[in-house]
Amino acid sequence: MSAPQGLGGALLLESGTSATINASLLDGQFSQRSHAQSGGAVYASDARASLLDTVVTRWNASRDGGGVFVGKRSRLSMQRVRLERCGGEGGGALYLVENAEANLTTCVLQRNMARVDGGAVYVEKSAARVSGCDFTLNH
């Protein structure tokens, strides 16, 4: 299955949709879609996404949000999520834009890389709440 316009290599959420991902592994190494335009693993636009007890690893985006892209009034909740070895132009692990909101609780963001800004997280005209998270070796 391929994502339209190269968005969200594993999951694409648009126009009022919602999804919960629980106790899962999203590993770009085993996907033919490990390189999306934006949102290497997950892309949300005007949508809601919850990730719980999940690992997002080895995804890339040619533009923004190597691991996860959240834009256009979207809401993201992440609890006990590990984002690692993801990369993009901006926001190696997570990219927030266009009045998006994200709540990160007890997450690990490790070894992510942005080619321009926000090795782990990039936030523009949006809100991010971070509690009890570990940021290690992001560039």
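This briefing describes how several strands of the structure pair with one another and where one residue, V130, is placed. The model is predicted. Strands 1, 5, 9 and 13 are treated before a separate description of the sheet with the order 3-7-11-15-19, and V130 in strand 18 comes at the end. As background, the strands of a sheet pair through backbone hydrogen bonds, in either a parallel or an antiparallel manner.

**Strand 5 and its partners**

- Strand 5 covers residues 42-45, and its side chains point two ways: V42 and A44 one way, Y43 and S45 the other.
- All four of these residues are buried.
- In a regular strand, side chains alternate between the two faces of the sheet.
- Strand 1 (residues 11-14) pairs with strand 5 in the parallel sense, over four bridges. Within this pairing, L11 has V42 as its bridge partner.
- Strand 5 also runs parallel to strand 9 (residues 68-71), and four bridges join the two.
- Two residues of strand 5 can be matched to strand 9: V42 has V68 as its bridge partner, and A44 has V70.
- V42 is thus named in two pairings, with L11 and with V68.

**Strand 9 and strand 13**

- In strand 9, V68 and V70 point one way, while F69 and G71 point the other way. These residues are all buried.
- Strand 9 pairs with strand 13 (residues 94-97) in the parallel sense, over three bridges.
- V68 stands opposite L94 of strand 13, and V68 is also the bridge partner of V42.

**The sheet with the order 3-7-11-15-19**

- Five strands form an open sheet in the order 3-7-11-15-19, and their pairing is parallel.
- At its edges lie strand 3 (25-27) and strand 19 (134-136), each of which pairs on one side only.
- On average, neighbouring strands of this sheet are turned by 5° against each other, with direction ignored.
- Strand 3 runs parallel to strand 7 (residues 55-57), and three bridges join them.
- L26 stands opposite V56 in strand 7.

**Residue V130**

- V130 is located in strand 18, which spans residues 127-131.
- V130 counts as partly exposed because its relative accessibility is 47%, and partly exposed residues lie between the cut-offs for buried, under 20%, and exposed, over 50%.
- When residues up to four places away in sequence are not counted, V130 touches L104 and F135.
- The C-alpha atoms of V130 and A23 are separated by 20 Å, and the two residues are 107 residues apart along the chain.

Methods:
Residues are numbered from 1 along each chain as its sequence is written. This is a predicted model: local features need pLDDT of at least 70, side-chain atom pairs count only at pLDDT 80 or more; totals for chains, interfaces and linings use all residues. Side-chain values use heavy atoms; hydrogens and water are left out. Buried means under 20% relative accessible area, exposed over 50%, partly exposed in between (1.4 Å probe, protein chains only). Contact means heavy atoms within 4.5 Å. Two strands pair if DSSP finds at least two bridges between them. Axes are lines fitted to C-alpha atoms, for helices over the stretch in contact, and angles run from 0 to 180 degrees between N-to-C directions.
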